Amino acid sequence: MKLASFNDGSRDGKLVVVSKDLTRCCAAGLIAPTLQFALDNWARIAPRLEALYRDVEHQAVPCDRFHEREALSPLPRAYQWADGSAYINHVELVRKARGAEVPESFYHDPLMYQGGSDGFLAPRQDIPLGDPAWGCDMEGEIACITDDVPMGVSAEDAAGHIKLLMLVNDVSLRGLIPGELAKGFGFFQSKPASAFSPVAVTPDELAEAWAGNVIHLPLMVDYNGQPFGRANAGKDATFSLADLIAHAAKTRNLCGGSIIGSGTISNQGPEGDPGKPVSEGGAGYSCIAEIRMIEQIGTGEPRTRFMQAGDTVRVEMRDAAGHSIFGAIEQTVVAV
C-alpha cells in the first residue's frame, strides 16, 4: 500500500491512496481524513485502506492524477521524529572530520537524537538557509513510521510495529554542530526542518528488498543534477530500523505516528576503505560531509563546499525494474 498527504490548506493535509506506479490517487477521507488519524487507529483503519488500494490498482474507483509536487511530507508534522545512526561508516568519517574518535559503545549502542517534528518540509519545498557559513548539508536516509510501541519492546517485537517506510533528506548545518555538541546537550539549531518522500509505503511493497528490517536497495542522491550517492541501504548497516525502535522505546512508549530514521546511508569501499565517488565507480556518498572528510585525508583539505543558494538535491529509490518506489525528494537551497 502507498499513501500520501496532499496539501489542502490544513496543517496535516488530506490522506490519499496512491497507485503502485505513482500515477493515480484516490482520496481516503471517508476512511481516514489524515495519515495521523489512520496511524492512531491502524488495526481498524489499515484493512480498509488496503481494500481501497486494491480498488485503485484495479481502477475500480474514480481516481485523480497523482502529482508529486502536490504532496506534503506523508506526515506534515509528527508527534515524534527521532533519528538514529545505523551506518557506522558515516559516523566514523564525520567524527574524523571533527577530530573525534568513535567510542567502542557506538558499535552496539546506537546514536540517536530527537529532531524537530512540529513541521517538516514538503518533498519539493525549498531549503531555507540564513547564512552560508552554517554549512548546509543534505543527508539521504530511510525512515519508518510506527504504530503505538510499548516501552521496553525487544528488537524482534519492534519489527511488527514498522507500518510505513519513507525516504528522508535530513538537513544538517555542519558549521553549527561542533559548537552545539561542545555544550554537551545535543543538536538543536544545527538540525532544521527535514523533508520526507512524497509517498510512504508498507513494507510488503518492497517484496524481497525488505529483509532484516532494512531496505536492500541503493539510495540515489543527485547533487546539482549529477549522481552523488548510490549507497545501498542494505549494506554496512550496524543496526536495523527495528533495533533503532527498540532503542528509542527503552524508557518510554512511542505513540502511533512516531518517525524513526536510519541516519545517513553510508557504504564502505570493497577493502573496508571509505569508498569512492560515483564518478570514480564507487557508491558515492549520501551527504557532503563524507566526501569532504575523504578529500581531507587525501589532500590535506576539503574541496567540496557545503550547499549554497541555488544548489539542488534529489533523493530517490528505485526497485529492481527501475520504478520509483517512494517518489522523489527534490529541493533547492534558497537564501532567507
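Y285 is buried, with a relative accessible area of 2%. The model in which this value was computed is a predicted one. This report starts from Y285 and its ring partner, then turns to the sheet and to the other aromatic contacts.

The search of the whole structure for aromatic pairs gives six. One of them joins F228 and Y285: the ring centres are 6.5 Å apart and the planes stand at 65°, so the pair is edge-to-face. F228 belongs to strand β17, while Y285 is in the loop between β18 (258-261) and α7 (288-299), so the contact ties together parts that are 57 residues apart in sequence. F228 also counts as buried, at 11% relative accessibility.

Strand β17, which carries F228, is part of an open sheet of five strands. The order of the strands is β7-β20-β19-β16-β17, and the pairing is mixed. At the edges are β7 (127-129) and β17 (226-229), each of which pairs on one side only. Direction ignored, neighbouring strands of the sheet are turned by 25° against each other on average. In general, strands of a sheet pair through backbone hydrogen bonds, parallel or antiparallel. Here, β7 and β20 (residues 329-335) run parallel and are joined by three bridges. Within this pairing, I127 stands opposite V333 in β20.

Another of the six aromatic pairs is formed by Y113 and F187. Their ring centres lie 5.2 Å apart with the planes at 85°, so this pair is edge-to-face. Y113 is in strand β6 (residues 112-114) and F187 is in the loop between α5 (177-182) and β12 (195-196); the pair therefore ties together parts that are 74 residues apart in sequence. Y113 is buried, with a relative accessible area of 12%, whereas F187 counts as partly exposed at 25%. F187 has a further contact: the charged end of K191 sits over its ring, 5.2 Å from the centre.

The two pairs described above are set out here.

| Pair | Distance of ring centres | Angle of planes |
|---|---|---|
| Y113 and F187 | 5.2 Å | 85° |
| F228 and Y285 | 6.5 Å | 65° |

Aromatic residues also occur as a group in this model: W81, F120 and F196 form one cluster.

Taken together, the ring pairs link separate parts of the chain. F228 in β17 meets Y285 in a loop, and Y113 in β6 meets F187 in another loop. Through F228, the first of these contacts involves β17, an edge strand of the five-stranded sheet.

Definitions and conventions: Residues numbered from 1 in each chain as written. Predicted model: local features only at pLDDT ≥ 70, side-chain atom pairs only at ≥ 80, totals over all residues. Heavy atoms only, no water. Pairing = 2+ DSSP bridges. Helix = DSSP H or I, 4+ residues; strand = E, 2+ residues; numbered from the N terminus. Axes fitted to C-alpha atoms, helices over the stretch in contact; angles between N-to-C directions. Phe/Tyr/Trp six-rings, centres within 6.5 Å; stacked < 30°, edge-to-face > 60°. Buried < 20%, exposed > 50% of the residue type's maximum accessible area, 1.4 Å probe, protein only. Lys NZ or Arg CZ within 6 Å of the ring centre and 35° of its normal.
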